[in-house]
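Grab a pencil and have a look at the molecule below. We'll work through some exercises on how its pieces sit together, and each one comes with a solution.

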Amino acid sequence: MLQMLPAVSTCFCDPSQMGRFNGNVEFTSLHPTALRSSTPRFAHKLLFQKVPTVLRTLSYTSQDYGKDPILKKREVYRQNVDLPTTLPKKKKKPYPIPLKQIKRAAKADKELAQRGIEKPLEPGKNGLLVTDLIPVAHEVLDAWKILIKGLSHLLHVIPVYACRECSEVHVAHSGHHIQDCLGPNSAMRRSFHSWVTGSINDVLVPIESYHLYDPFGRRIKHETRFEYDRIPAVVELCIQAGVDIPEYPSRRRTTPIRMIGKKVIDRGGNIEEPKPWQSADSYPLLDFDTQGASQRFAPPLPEDVPRIAQETIAAYETVRHGVRMLMRKYTVKACGYCSEVHVGPWGHNAKLCGEFKHQWRDGKHGWQDATLNEVLPPNYVWHVRDPKGPPLIGTLKRFYGKAPAVVEVCMQAGAQIPNKYLPMMRLDIVLPDSEEARSVA
């Protein structure tokens, strides 16, 4: 026997929307505990009893008569998310693109090559600039300089500690007591970290790449690797996307390159790399280099710390958003075993990889498409609710949250952080006492 639930609907008509009706439908349903506590034979009797009910509301929008409702999805963040997992070092990183899709694209390129048809390439992949992304590249580079400058100011106020033996970083007035150090001689220290004063390179992990005047030219060999400068990968990506830096010139093509399969049949010739023009007026090198940044900037005034923190977190979001847009058009490669990154259509041939089974590859990197977190690592750290309170302990480890190191520094400095980082921090979880941790479900 089926029983209809009472429902109340309200709707209104907007004359300016050409027959669109907006409304809400409210209906009551039985509480799940009430249904579980009854047998199927007598479940229908609960409808006539006073049992807990749940009020539900469904918002709908109808365009025309007789058509299905159109539901609008909202960007809703979860209450809590799991902590980011650390990938094992004795295993290759997963491909950012499914392997079946990579094989399908390679098979299509091979079929075109066998028929003698050139490979279709879009701007960015064919050596030409994407004109719509040139302002984005300038915006990313300007935000990158603001990010380095802001972090340099904040590190004079917000203490940061780094482990001497591993890559762990902690933002608080003292290091935590969580026993998860995997560095050398960690067994002698019972996996406790050996804390030292951190720097900006511990918060903003430096990922460098070789600078190439012509990314589609000759590949870097192991013997010629010292002939090329290494600069931050974000800066190299902006240079190839249209930013002109006199210290690091880049070739600007007027005709696209031509490829058949994996072979380049026309690259416009190899031209001699011009000598860099030294200038101290525009884009000085120190502005986008983290090396020694804390010594270049003085401690800020106490009343300016919240403003600097807000500008820093805004610059961090601008850099991440801009790099994501640039990587959709310009190729960036990353090693599947180590942290090496190369900005260009092909990776270099320098034999510098020393990670898992590097002997089988003769020290060469296993290149694959890079992700945003490989070009700009978030470097997750434990979120501390009270930086001046007692240090974090291992028994309450599962109740703590995590956040990128830049976000944690800016939050402790008084910045309003974006909502997408709040679920990862687990701010709504009540921390129990250490003796009560085992009793919490």
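## Exercise 1: Helix 3 against helix 5

Helix 3 crosses helix 5 in the left-handed sense. One thing to keep in mind throughout: this is a predicted model.

**Task.** Work out how helix 3 is oriented relative to helix 5, and which residues meet where they touch.

**Solution.**

Step 1. Start with the general idea: two packed helices are described by the angle between their axes and the distance between the axes.

Step 2. Find the two values. Helix 3 covers residues 134-154, and its axis comes within 9 Å of the axis of helix 5, with a crossing angle of roughly 155°.

Step 3. Put a word to that angle. Angles over 145 degrees count as roughly antiparallel, so helix 3 is roughly antiparallel to helix 5.

Step 4. Look at the side chains. From helix 3 come Ala 137, Val 140, Leu 141 and Trp 144, and they meet Val 234, Val 235 and Cys 238 of helix 5.

Step 5. Sort them by class. This contact has seven nonpolar residues, no polar ones and no charged ones.

## Exercise 2: Helix 5 against helix 7

**Task.** Decide how helix 5 is oriented relative to helix 7, then sort the residues in their contact by class.

**Solution.**

Step 1. Helix 5 spans residues 233-240 and helix 7 spans residues 305-327; their axes come within 11 Å and cross at roughly 50°.

Step 2. An angle of roughly 50° is neither under 35 degrees nor in the 65 to 115 range, so helix 5 is oblique to helix 7.

Step 3. For handedness, this crossing is left-handed.

Step 4. On the helix 5 side you'll find Val 234, Leu 237 and Cys 238, which meet Val 319, Val 323, Leu 326 and Met 327 of helix 7.

Step 5. By class, the contact of helix 5 with helix 7 has seven nonpolar residues, with no polar and no charged ones.

Step 6. Now follow helix 5 a bit further: it lies across strand 11 and strand 12, and runs at about 15° to strand 12.

## Exercise 3: A sheet built from strands 4, 5 and 6

**Task.** Which strands stand at the edges of the sheet with the order 5-4-6?

**Solution.**

Step 1. This is an open sheet of three strands, and the pairing is antiparallel.

Step 2. Strand 5 (169-171) and strand 6 (195-197) are the edge strands; each has a single partner strand, so one side of each is left without a neighbour in the sheet.

Step 3. Neighbouring strands here are turned by 35° against each other on average, ignoring direction.

Step 4. Take the pairs one by one. Strand 4 (residues 160-163) is joined to strand 6 by three bridges, and Ala 162 has Val 196 as its bridge partner.

Step 5. Strand 4 also pairs with strand 5 over three bridges, again antiparallel. Here Tyr 161 stands opposite His 170, and the two strands form a hairpin with five residues between them.

## Exercise 4: A sheet built from strands 11, 12 and 13

**Task.** Describe the order, edges and twist of the sheet that holds strands 11, 12 and 13.

**Solution.**

Step 1. The order is 12-11-13, in an open sheet with antiparallel pairing.

Step 2. Strand 12 and strand 13 take the edges, with a single partner strand each, so one side of each has no neighbour in the sheet.

Step 3. From one strand to the next, the twist averages 35°.

Step 4. Strand 11 (residues 332-335) pairs with strand 12 over three bridges, and Lys 333 has His 342 as its bridge partner.

## Exercise 5: A hairpin and a ring pair

**Task.** How many residues lie between strand 9 and strand 10, and what kind of aromatic pair do Phe 216 and Trp 346 form?

**Solution.**

Step 1. Strand 9 (residues 258-260) and strand 10 (residues 263-266) run antiparallel and are joined by three bridges. Met 259 stands opposite Val 264.

Step 2. The two strands form a hairpin with two residues between them, and Gly 261 in the turn has a positive phi of about 70°.

Step 3. On to the rings: there are two aromatic pairs. In one of them, Phe 216 and Trp 346 sit 5.9 Å apart, centre to centre, with 85° between the planes, which makes the pair edge-to-face.

Step 4. Phe 216 is in the loop between strand 7 and strand 8, while Trp 346 is in the loop between strand 12 and strand 13, so the pair ties together parts that are 130 residues apart in sequence.

Notes. Residues numbered from 1 in each chain as written. Predicted model: local features only at pLDDT ≥ 70, side-chain atom pairs only at ≥ 80, totals over all residues. Heavy atoms only, no water. Axes fitted to C-alpha atoms, helices over the stretch in contact; angles between N-to-C directions. Helix = DSSP H or I, 4+ residues; strand = E, 2+ residues; numbered from the N terminus. Left-handed = near helix turned anticlockwise from the far one by under 90°. Contact = heavy atoms within 4.5 Å. Nonpolar A, V, L, I, M, F, W, Y, C, P; charged D, E, K, R; others polar. Pairing = 2+ DSSP bridges. Phe/Tyr/Trp six-rings, centres within 6.5 Å; stacked < 30°, edge-to-face > 60°.
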